[in-house]
Amino acid sequence: MWDVVSFVNTVRVSDIATYLRCPRKLYFRLRGHEEGPTAEYASHLVLKELALSYPAAINRDDPAGFLAAELDRISAELPAIHPLDSALADGAVGDVRALLPGISERLASAAQRIGKETLVGMITPFQVEPVLVSRRFGITGSPAKLVMRGDIAAPSIIRTGKAPENGIWKNDRLALAAHAIMLEEMNGGKVELGLVEYAKSCEFREAAIRSNDRRVVLQVLKKIHKIIDGTMPDKPGDAPCQNCGHAGLCETKRSLASKFF
Ligand code: SF4
């Protein structure tokens, strides 16, 4: 059993993506400066919940009607699952409702292309949002699902942004590699692939877990542990500072530093 201190020093898989976007952002977040939920984040949560219903929708005579009913259920259950204020939650449900006709169409054509049974087998969860931990590397995370491939549980993540033309995005590869490292430590056995479900475009892509992605994850983890220990990273040249909720803090730190040096 993990104690509280262990979890405080444990990196979350999502921290890897934040670090790669801007390590300073992670520094501030790890010190309690969370950015509040945005409308975009709220829509992401709702669409992710809806995507968990895709396996059931594929087998229905009226997938569009089924997904609409599922969205009503999600709307009612949302306050109990995610702490969002009601205006944000209602806006997000409205945003996703507007996407439903396109999603239903794309889901039906994916089922036709891949085969209904194959697709359902591919995305039906063995477990939803399991908590994974690697004590060895000090990392924790919850993929959207575990899906069975033979007798091995593989991670599946749901993404609500744009899918790349081919394959999966680098951040998705790293997230799968991090989940694979944890699953291997917890269950034994080699996890050789993972699945990314691009919920909006209904693209379901399996990808091999590459050795180099595992290597990058472990390198980034070391750097994040340094940030946890107190090192404030330099501002990267290509940092996405526009619309950054930490811009004020970042500027204060810069001014303080320039007073001393
Ligand atoms: S203002 Fe720029 S450098 Fe500072 S945390 Fe935000 S993105 Fe990073």
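In this predicted model, His-82 counts as buried, with a relative accessibility of 16%. The residue sits in the loop between helix 6 (63–81) and helix 7 (86–114). Once neighbours within four places in sequence are set aside, the contacts of His-82 are Leu-45 and Glu-49. At 16%, His-82 falls below the 20% limit and is therefore classed as buried despite its place in a loop.

Another loop residue gives a useful counterpoint. Asp-61 is found between helix 5 (54–58) and helix 6, and its relative accessibility of 84% makes Asp-61 exposed. From Asp-61 to Leu-88 there are 27 residues in sequence, and the C-alpha atoms of the two are 32 Å apart in space.

Turning to the interior, the largest nonpolar core holds 36 residues, and the members that touch the most others are Ile-16, Ile-139, Val-217 and Ile-224. At least two residues of this core come from each of helix 2 (13–21), helix 3 (23–30), strand 6 (152–159), helix 9 (170–187), strand 7 (193–198) and helix 10 (211–228). Among the contributors, helix 9 gives the most, with 9 residues. The surroundings of Val-217 offer a closer view: beyond residues up to four places away in sequence, Val-217 touches Ile-16, Leu-174, Ala-177, Ala-178 and Ile-181. A second core, separate from this one, comprises 35 residues, including Leu-71, Ala-89, Val-93 and Leu-100. In soluble globular proteins, nonpolar side chains tend to be buried together.

Aromatic pairing is easily summarised, as the search of the whole structure yields 1 pair. The partners are Tyr-27 and Phe-28, arranged edge-to-face with 5.5 Å centre to centre and 80° between the planes. Both rings belong to buried residues: Tyr-27 has a relative accessibility of 9%, and Phe-28 has a relative accessible area of 2%. Tyr-27 has a further partner in Arg-31, which lies over the face of the tyrosine ring at 4.1 Å from the ring centre.

Open space comes next. The second largest pocket encloses about 160 Å³. Its lining is made up of 14 residues, of which Lys-235, Cys-241, Cys-244, Ala-247 and Cys-250 are the closest to the pocket centre. Two or more lining residues are given by helix 3 and by helix 11 (247–260). The largest share belongs to helix 11, which supplies 4 residues to the lining. Helix 3 thus appears in two settings, as a contributor to the largest nonpolar core and to the lining of this pocket.

Backbone geometry draws attention to two further loop residues. Glu-129, although not a glycine, has a positive phi of about 45°. The residue lies in the loop between strand 2 (127–128) and strand 3 (132–134), where Glu-129 counts as partly exposed at 39% relative accessibility. Cys-202 is likewise not a glycine and has a positive phi of about 55°. Cys-202 belongs to the loop between strand 7 and strand 8 (203–208), and with a relative accessible area of 1% this cysteine is buried. The two loops thus place their positive-phi residues in contrasting surroundings, with Glu-129 partly exposed and Cys-202 buried.

Definitions and conventions:
Residues numbered from 1 in each chain as written. Predicted model: local features only at pLDDT ≥ 70, side-chain atom pairs only at ≥ 80, totals over all residues. Heavy atoms only, no water. Core = buried A, V, L, I, M, F, W, Y, C linked by side-chain atoms within 4.5 Å. Buried < 20%, exposed > 50% of the residue type's maximum accessible area, 1.4 Å probe, protein only. Contact = heavy atoms within 4.5 Å. Phe/Tyr/Trp six-rings, centres within 6.5 Å; stacked < 30°, edge-to-face > 60°. Lys NZ or Arg CZ within 6 Å of the ring centre and 35° of its normal. 1 Å grid on protein atoms, 1.4 Å probe; cavity = no way out; pocket = protein on both sides within 12 Å on 5 of 7 lines; lining within 4 Å. Points joined across faces, edges and corners; volume = space filled by probe spheres on them.
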